Amino acid sequence: KPPKWLPETLRKDFRAIGKRLIAAGLYTDLDADTLGRYLVAQHQWLIATGETEKALAKRDQEDADGWGRIQERYFNRLGTAPTTWG
């Protein structure tokens with residue numbers, strides 16, 4: 001079951017991925033926060049990616065660079081342990 005702090009918009013994904021992880025034997029209740037943090041980071045990365053693409057389409061290099069750094073930050077969080085986030 002999703003952590004209480006997880007936004008409602010991400011709970012459906014949480015349940016779907018959680019079921020797949022349980023079926024693969026890769027998930028216990030102790031993993032709920034980790035999966036939730038992953039989904040939040042993924043969501044933020046998607047937002048930053050969209051903003052980066054908009055800035056590039058407008059040929060706004062400064063805005064694209066700023067959003068690109070944010071995009072990279074969240075992308076890197078997707079591949080690291082939550083204990084290193086901050």
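**Exercise 1. Locate Y74, classify its burial and list its contacts outside the local sequence.**

Solution.
Step 1. Y74 belongs to helix 3. The model is a predicted one.
Step 2. The relative accessibility of Y74 is 18%. Because buried means under 20%, Y74 is classed as buried.
Step 3. With residues up to four places away in sequence left out, Y74 touches A41, Q44 and W45.
Step 4. For A41, the C-alpha to C-alpha distance to Y74 is 5.6 Å, at a sequence separation of 33 residues.

**Exercise 2. Describe how helix 2 and helix 3 pack: axis approach, crossing angle, orientation, handedness and the residues in contact.**

Solution.
Step 1. Helix 2 covers residues 32-57 and helix 3 covers residues 61-78. Their axes come within 8 Å and cross at roughly 160°.
Step 2. Angles over 145 degrees count as roughly antiparallel, so helix 2 is roughly antiparallel to helix 3.
Step 3. The crossing of these two helices is left-handed.
Step 4. Helix 2 contributes Y38, A41, Q42, Q44, W45, A48, T49, E51, T52, A55 and L56 to the contact. From helix 3 come D63, A64, W67, G68, I70, Q71, Y74, F75, R77 and L78.
Step 5. Sorted by class, the residues of this contact are 12 nonpolar, six polar and three charged.

**Exercise 3. Repeat the analysis for helix 1 and helix 2, and state the orientation of the two axes.**

Solution.
Step 1. The axes of helix 1 and helix 2 come within 10 Å, with a crossing angle of roughly 130°.
Step 2. An angle of roughly 130° falls outside the ranges for roughly parallel, roughly antiparallel and roughly perpendicular. Helix 1 and helix 2 are therefore oblique to each other.
Step 3. The crossing of helix 1 with helix 2 is right-handed.
Step 4. On the helix 1 side the contact consists of L10, D13, F14, I17, G18 and L21. On the helix 2 side it consists of A32, L35, G36, L39, V40 and H43.
Step 5. This contact has eight nonpolar, three polar and one charged residues.

**Exercise 4. Find the aromatic pairs in the structure, and give the geometry and placement of each.**

Solution.
Step 1. A pair of aromatic rings is described by the distance of the centres and the angle of the planes.
Step 2. The whole structure holds two aromatic pairs.
Step 3. One of them is F14 with Y27, at 6.5 Å centre to centre and 80° between the planes. Because planes over 60 degrees apart count as edge-to-face, the pair of F14 and Y27 is edge-to-face.
Step 4. The pair links distant parts of the chain, with F14 in helix 1 and Y27 in the loop between helix 1 and helix 2, 13 residues apart. Both F14 and Y27 are buried.
Step 5. W45 and F75 also form a pair, with 6.1 Å between the centres and 45° between the planes. The pair of W45 and F75 is classed as tilted.
Step 6. W45 lies in helix 2 and F75 in helix 3, 30 residues apart, and this pair too links distant parts of the chain.
Step 7. The relative accessibility of W45 is 23%, so W45 counts as partly exposed. F75, with a relative accessible area of 51%, is exposed.

**Exercise 5. Characterise the surroundings of Y27 beyond its sequence neighbours.**

Solution.
Step 1. Y27 sits in the loop between helix 1 and helix 2.
Step 2. Its relative accessible area is 12%, so Y27 is buried.
Step 3. Leaving aside neighbours within four places in sequence, the contacts of Y27 are F14, G18, L21, I22, A32 and L35.
Step 4. The C-alpha atoms of Y27 and I17 are 9.8 Å apart, and the two residues are 10 apart in sequence.

**Exercise 6. Place P7 and R59 and classify their exposure.**

Solution.
Step 1. P7 is in the segment before helix 1, which spans 8-23.
Step 2. With 36% relative accessibility, P7 is partly exposed.
Step 3. The C-alpha atoms of P7 and V40 are separated by 8.4 Å, although the residues are 33 apart along the chain.
Step 4. R59 is placed in the loop between helix 2 and helix 3.
Step 5. The relative accessible area of R59 is 77%, so R59 is exposed.
Step 6. The phi of R59 is near 60°, a positive value in a residue other than glycine.

Definitions and conventions
Residues are numbered from 1 along each chain as its sequence is written. This is a predicted model: local features need pLDDT of at least 70, side-chain atom pairs count only at pLDDT 80 or more; totals for chains, interfaces and linings use all residues. Side-chain values use heavy atoms; hydrogens and water are left out. Axes are lines fitted to C-alpha atoms, for helices over the stretch in contact, and angles run from 0 to 180 degrees between N-to-C directions. Helices (H or I, at least four residues) and strands (E, at least two) are DSSP runs, numbered from the N terminus. Angles under 35 degrees count as roughly parallel, over 145 as roughly antiparallel, 65 to 115 as roughly perpendicular and the rest as oblique. A crossing is left-handed if the near helix is turned anticlockwise from the far one by less than a right angle, and right-handed if clockwise. Contact means heavy atoms within 4.5 Å. Ala, Val, Leu, Ile, Met, Phe, Trp, Tyr, Cys and Pro count as nonpolar, Asp, Glu, Lys and Arg as charged, and the others, Gly among them, as polar. Buried means under 20% relative accessible area, exposed over 50%, partly exposed in between (1.4 Å probe, protein chains only). Rings of Phe, Tyr and Trp (its six-membered ring) pair if their centres lie within 6.5 Å; planes under 30 degrees apart count as stacked, over 60 as edge-to-face and the rest as tilted.
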